[in-house]
Amino acid sequence: MALITKKPRGTEDVLPRDSYRWQFVEDIFRDEARTYGYKEMRTPVFEHTNLFERGVGDTTDVVQKEMYTFLTKGGDSITLRPEGTAGAARAFLEHGLHNDPLPVKVYYLTSCYRYEKPQAGRLREFHQFGMECYGTKHPAADAEMITAAATVIERLGLKNIRLEINSIGCPACRAEYHKALTEYFSQYKDELCEDCKGRLDRNPMRLLDCKVPRDHEIAQGAPSVLEYLCDECREHFDSVKEHLDAAGIEYIVNPTIVRGLDYYTKTVFEFISGDIGAQATICAGGRYDGLIEDLGGNPMPALGFAAGIERLLMTMDAQGVEIPSPSPCDIYVASMGDNAHKKAGELCLALRKAGMYAEFDVVGRGLKAQMKYANKLGARFSIVLGDDELAGGIGKLKAMDSGEQTDIPLDTESFVREFIAEKLKADFAE
Ligand code: ATP
Ligand code: MG
């Protein structure tokens, strides 16, 4: 039978030697979310297709081209989540979370699926962490959301990241803007890509987000949304900027950002890395005051962001950010003979209960091979148990880097206590 050794295009494996890098990013995100009072939400990897059609918007690239959609054996149309916001909003509604004290604050760490052309920074299975906040219209909430994302990025050790913000208004001011956009793009109708021709009447703002080079070029000359904001939206945007200034967050206003998903209103933002080539947006988000209503709920303002973990890791790599490597083996307990082997197992069990990373032989290696393995693990300490040591009740604990040896009692309780003391001494000496 042929060996199956090829993963599907656009997917990646995280190998055991690299997973600590992911955990580093995830730990910082979880910890930062905690300090803002966000709690984790987990939703299914697949949802009813119409959730994304309604939530993400059926004129977006995501819905038009990128979804993994299939019919189940029962004939239901199901889609693998292309992003986290729609599923979170669905769960918010389904479980009546609007009854909780507002704002309701949730975060997620999930895989997402988009049928895109795989390239650096663009995968078919990728991972996001995101935050969602429901129940506040206040501009301080927009600034707080942006600040949380900025702090995560800073805590990851990233530099040279540009924050761009914009306001894309509300449905009221957008009507006028849509007219202006339709008029502008109509002049170039023959040059637009087929998708954009279709979007021109239905959702002209989508043209600003088109990735086709000629369309993108045309979009650069389009009227600015900021000229069309109603008083409320303009005041909101001004206040968001003031709150960002107060928090010491640097930003650039870029009136061409509209974001790739239809649900955004008012504030939108992107964090862009200067070090990873074309797929440079590492984190993006904004306000979506209409989303909950679009999904059939009572009006409920909301906002959030999502960051692409692969792109964050790529940027960290490109910038040479050092990620603390996982702690090495604390002690390898080598043994010769059956009795000593049993004792080694007993000591390891007790050491592990005390939180130490301890190993002994479970392969059947001879002493020389055991020590070779201990070296490969980078064990900080080792000890060799044989009949003599068992009979005397004392062993020699060896610090692997200096070769220094210390006598240590072998009765289990004393061993664990004295080992921890030796390890702490070594920790402080470092
Ligand atoms: P892009 O403009 O790069 O296509 P998008 O607007 O589709 O991004 P969002 O839907 O806002 O992206 O997703 C938020 C973040 O998720 C992005 O900023 C990016 O970091 C990451 N992301 C999106 N699509 C992919 C993908 N196919 N592969 C890897 N990361 C992705
Ligand atoms: Mg995209």
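**Exercise 1. The largest nonpolar core**

Task: In this predicted model, find which residues of the largest nonpolar core touch the most other members, and which helices and strands supply this core.

Solution: Begin with the core itself, which holds 49 residues, and among these Tyr-134, Phe-185 and Leu-208 touch the most other members. Next, look for the elements that each supply at least two residues of this core, which are α2 (49-55), α3 (61-66), α4 (85-94), β5 (104-113), α6 (171-186), α7 (194-202), α8 (213-220) and α10 (291-294). Then take Phe-185 and set aside its neighbours within four places in sequence; the residues in contact with Phe-185 include Leu-192, Leu-200, Leu-208 and Ile-218. Finally, another core of 44 residues lies apart from this one, with Ile-28, Tyr-107, Ile-153 and Leu-156 among its members.

**Exercise 2. The setting of α4**

Task: Decide whether α4 is largely enclosed by the rest of the structure or not.

Solution: Count the buried residues, taking buried as under 20% relative accessible area. Eight of the 10 residues of α4 are buried, so this helix is largely enclosed by the rest of the structure. The buried residues include Arg-90 as well as Ala-86 and Phe-92, and the buried residues of α4 pack against β2 (46-48), α2, β5, β6 (125-134) and α10. Just after the helix, Gly-96 takes a positive phi of about 60°.

**Exercise 3. How α1 meets α11**

Task: Describe how the axes of α1 and α11 are placed, and what classes of residue make their contact.

Solution: The axes of α1 (residues 19-35) and α11 (residues 309-318) come within 11 Å and cross at roughly 110°, and the two helices are therefore roughly perpendicular to each other. Residues making the contact include Trp-22 and Phe-24 of α1 and Leu-312 and Met-316 of α11. By class, this contact has seven nonpolar, no polar and three charged residues.

Methods. Residues are numbered from 1 along each chain as its sequence is written. Chains are lettered from A and ligands numbered from 1 in the order in which they are written. This is a predicted model: local features need pLDDT of at least 70, side-chain atom pairs count only at pLDDT 80 or more; totals for chains, interfaces and linings use all residues. Side-chain values use heavy atoms; hydrogens and water are left out. Axes are lines fitted to C-alpha atoms, for helices over the stretch in contact, and angles run from 0 to 180 degrees between N-to-C directions. Helices (H or I, at least four residues) and strands (E, at least two) are DSSP runs, numbered from the N terminus. Angles under 35 degrees count as roughly parallel, over 145 as roughly antiparallel, 65 to 115 as roughly perpendicular and the rest as oblique. Contact means heavy atoms within 4.5 Å. Ala, Val, Leu, Ile, Met, Phe, Trp, Tyr, Cys and Pro count as nonpolar, Asp, Glu, Lys and Arg as charged, and the others, Gly among them, as polar. A nonpolar core is a set of buried Ala, Val, Leu, Ile, Met, Phe, Trp, Tyr and Cys residues joined through side-chain atoms within 4.5 Å. Buried means under 20% relative accessible area, exposed over 50%, partly exposed in between (1.4 Å probe, protein chains only).
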